[in-house]
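Let's take a walk through this one together. Have the viewer open and follow along.

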Amino acid sequence: MQPFEFTTAPDIQTAILGSSNTDARLIAGGTTLLDLMKLEVETPKRLLDIHRLPLTGISVTESGGLRIGALATNSAVAYDAQVKSKYPILAEAILAGASAQLRNMATVGGNLMQRTRCTYFRDPLWACNKRQPGTGCSAQDGHHRNHAILGTSDACFAAHPSDMAVALIALDATVEIEGAVGKRAVPIAGFHLGPGNTPEVETVVKPGELITAVELPVLTGTWRSHYLKVRDRASYEFALVSVAAMVQLEGSTIRACRLAFGGVATKPWRATSVEQLVTGQTVSSELFQKAADAAIEGAVPRRDNRFKVALLRRSVIRALETVTEGAK
Ligand code: SF4
């Protein structure tokens, strides 16, 4: 690890000012950044500790939604009574990720900013457009079993690793970002960026900005939800495929549907075309087969990750079967 200077931000404005320095990194739980510093993928000259800033609260908003401070830990969110009762899919997704120890340290803001697990990104000996733009993509001809099949580009096809963000995109969350000129609210669907020709730019957060909160809107009506995570082992593993599924039912008719995928895409992936396809339709295995077909439209599988096409199809069917179980 390279030497670095470590200071603590006494307030939000100091953190914002500090984050405008390209040699500096903000550190909260450190569950991604410290790993990357040990690997010398990240070599900041300065670390600005923000974990004591007053951004840990979880509170009901005036409109009845939920505001989650960016420094709330994953554990605090997953076990919050409001989250468990009103947004259970968020708790389910968080508890499917990492380990208890990591969830106790990792924060909501850090989770949104976490970097890919692509092996070549995490090893500076290999060419990687995301780590060093313009150098190439070692995963193209290398190992890419865990990589994305949706939202890929020739420059990069690394999968986004978050479980929490998949639930947040299904819940239509908004990310609050604060900078020197004030706050802005970004719908989470527009927060993460696909790789395109600039895979090194992963979110809309700019230098000199800080994520301060995530807001969940009120969910009206009765929703059934499930976060299905398929992985190589039962715990402490990233998703090969995950599906966040939410439905409102009227008898056997799907009145509303939200569907999002993880593990298969370069960013948390909202499957709006599949949602539209099933909305207003009667629950049936034929409908779910069509939904599975729609889910893989536009997929670009490669040599080692072809299995994700079939796995995504099956996962979509299973998630929809789970949330519509007993519908009649
Ligand atoms: Fe780098 Fe992306 Fe290629 Fe992985 S897939 S080596 S992160 S450019």
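What follows goes from the overall fold to the ligand site and then to two backbone oddities.

Keep in mind that this is a predicted model. Its secondary structure adds up to 11 helices and 12 strands. The radius of gyration is 20 Å, close to the 20 Å that the globule rule gives for 328 residues, so the protein is as compact as a globular protein of that length. Lined up along the principal axes, the C-alpha atoms fill a box of roughly 60 × 50 × 35 Å.

How much of the protein is buried? Of the 328 residues, 51% are. The contacts reach along the chain, too: if you take those between residues at least 6 apart in sequence, 64% join residues at least 24 apart.

Now zoom in on the ligand, which sits in the largest cavity. It has 14 residues around it, and the closest are Cys118, Cys128, Cys137, Ala155 and Cys156. By character, that shell splits into 10 nonpolar residues, three polar and one charged.

Finally, check the backbone at two spots. Ala98 isn't a glycine, yet its phi is positive, near 55°. You'll find Ala98 in the loop between helix 5 (88-95) and helix 6 (100-105). With a relative accessible area of 34%, Ala98 counts as partly exposed.

Asp172 also has a positive phi, about 60°, without being a glycine. Its loop runs between helix 8 (164-170) and strand 6 (174-179). Is Asp172 buried or partly exposed? Its relative accessible area is 37%, so Asp172 is partly exposed.

Note on methods:
Residues are numbered from 1 along each chain as its sequence is written. This is a predicted model: local features need pLDDT of at least 70, side-chain atom pairs count only at pLDDT 80 or more; totals for chains, interfaces and linings use all residues. Side-chain values use heavy atoms; hydrogens and water are left out. A residue is near a molecule or strand if one of its heavy atoms lies within 4 Å of it. On a 1 Å grid over the protein atoms alone, a cavity is a set of points where a 1.4 Å probe fits but cannot get out, and a pocket is an open set with protein on both sides within 12 Å along at least five of seven lines; lining residues have an atom within 4 Å of a point. A molecule sits in a cavity or pocket if more than half of its atoms lie within 2 Å of its grid points. Ala, Val, Leu, Ile, Met, Phe, Trp, Tyr, Cys and Pro count as nonpolar, Asp, Glu, Lys and Arg as charged, and the others, Gly among them, as polar. Helices (H or I, at least four residues) and strands (E, at least two) are DSSP runs, numbered from the N terminus. The radius of gyration is taken over C-alpha atoms; the globule rule is 2.2 Å times the number of residues to the power 0.38. Buried means under 20% relative accessible area, exposed over 50%, partly exposed in between (1.4 Å probe, protein chains only). Contact means heavy atoms within 4.5 Å.
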